[in-house]
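Visitor: I should like to understand how a ligand is held in a protein. May we go through the model step by step?

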Amino acid sequence: METKVVINTTSSTEKGVLQTAELYNYVMDTSVYPREHECLKELRAITSTHPRAVMGTSPDVGQFMALLLTTINAKKTIEIGVFTGYSLLQTALAIPDDGKITAIDVNRSWYEIGLPIIDKARMTHKINFIESEALPVLDQLMKDPENKGTFDFAFVDADKDNYANYHERVLELLKPGGIAVYDNTFWAGTVAMDEASVPESKLASRKALIEFNKHIAGDARVQISQIPLGDGITVCRRN
Ligand SMILES: C[S@@+](CC[C@H](N)C(=O)[O-])C[C@H]1O[C@@H](n2cnc3c(N)ncnc32)[C@H](O)[C@@H]1O
C-alpha cells in the first residue's frame, strides 16, 4: 500500500523567530542581556562608539556560542576575525582556565580597544593574538602535526569572500566532532533578495555567501544547521 506523506503546510514565516522586531527585542531582553557577563556589556558599550561598531558579534550569537563551547567542553579554539573582541571574550569566558584561543585579525589596534576589558575579566592568558591575514596563519598551523585535527571549536567572522577557503582549512584543523560557527551567513537578509534590490556595497560578499551557503549545504564532511541568530550563523560539526 502506498504510504501517504503528510506535509506540514505551516509556513516558516508563521513560525519564524524573526517575525517582528518586538519579538527579537523580547528574546534579547528576556534571555540574552540579563545573562550577559558585565565585562561583555562593557566591551559592547565601548565598541558602540566605534565607527565600525556594526561589525561586532551580536550578543545572542555570543550566548549561543558559549552554550556550544561548554556543551562540547571546548579547550582549544580558533577565531578568525576579532575586531574589538566581543566573541573572543565570550569564548575565553566559556573555556577552562587552561584553554587556548588562537585569535587572528589583520588589525591589532581594534583588538587593543577591548584588551583592557579582557584583562579586567582575567582572560588574556587564554589568548594568542596573531596580527595577520588569516589564510597564511591557517596554512602554517596546518603544517604542524600538533595542530592538525586538534581544535575543538572555530569561529569564523572575517572577510566573507574567503569563507570557502577558511572552511577547507578549518576542517583540517578541527578534530572529528569539532564545531565551526560561521557568522553573517544571511548577510543582512540579502542572500534571499533579488540582486537588483541589494545595495551595491553588499553585492560582492552576498555573492560569496550565497556560494558558501550552497557549498556547505552539499558538504558531506559536516553536519550543519543554519540558525537565525544575529545576522544568521551556520553551525557545522565535523564528522
Ligand atoms: C566582523 S569583524 C569581527 C567581529 C568580532 N568577531 C566581534 O565579536 O566583534 C571582522 C574582522 O575581520 C578582520 N579581517 C578582515 N579581513 C581579514 C583577513 N583577511 N584576515 C584576518 N582578519 C581579517 C577585520 O579586521 C575585522 O576586525
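**The ligand and its surroundings**

Visitor: How many residues surround the ligand?

Guide: The model shown here is predicted. A residue is counted here if one of its heavy atoms lies within 4 Å of the ligand. Among those that meet this condition, the closest are Thr57, Ser87, Asp105, Glu133 and Asp157. The number of residues around the ligand is 20.

Visitor: Which residue has a side chain with an N or O atom 2.8 Å from a nitrogen atom of the ligand?

Guide: Two contacts involve the backbone: an oxygen atom of the ligand is 3.2 Å from a polar backbone atom of Phe83, and a nitrogen atom of the ligand is 3.4 Å from one of Val106. The contact at 2.8 Å, between a ligand nitrogen and a side-chain N or O atom, belongs to Asp157.

Visitor: What share of the ligand's accessible area does the protein cover?

Guide: On its own, the ligand has 600 Å² of accessible area. The part of this area covered by the protein is 91%.

Visitor: What is the volume of the largest pocket?

Guide: The ligand takes up the space of the largest pocket. That pocket holds about 860 Å³.

Visitor: How many charged residues are in the lining of the largest pocket?

Guide: The lining comprises 35 residues, with Arg52, Met55, Asp157, Ala158 and Lys160 the closest to the pocket's centre. By class, 14 of the lining residues are nonpolar and 11 are polar. The number of charged residues is 10.

Methods: Residues numbered from 1 in each chain as written. Predicted model: local features only at pLDDT ≥ 70, side-chain atom pairs only at ≥ 80, totals over all residues. Heavy atoms only, no water. Polar contact = N/O pair within 3.5 Å; in protein donor to acceptor, adjacent residues only side chain to side chain. Areas by Shrake-Rupley, 256 points an atom, 1.4 Å probe, with all protein chains shown as cover. 1 Å grid on protein atoms, 1.4 Å probe; cavity = no way out; pocket = protein on both sides within 12 Å on 5 of 7 lines; lining within 4 Å. Sits in = over half its atoms within 2 Å of the grid points. Points joined across faces, edges and corners; volume = space filled by probe spheres on them. Nonpolar A, V, L, I, M, F, W, Y, C, P; charged D, E, K, R; others polar.
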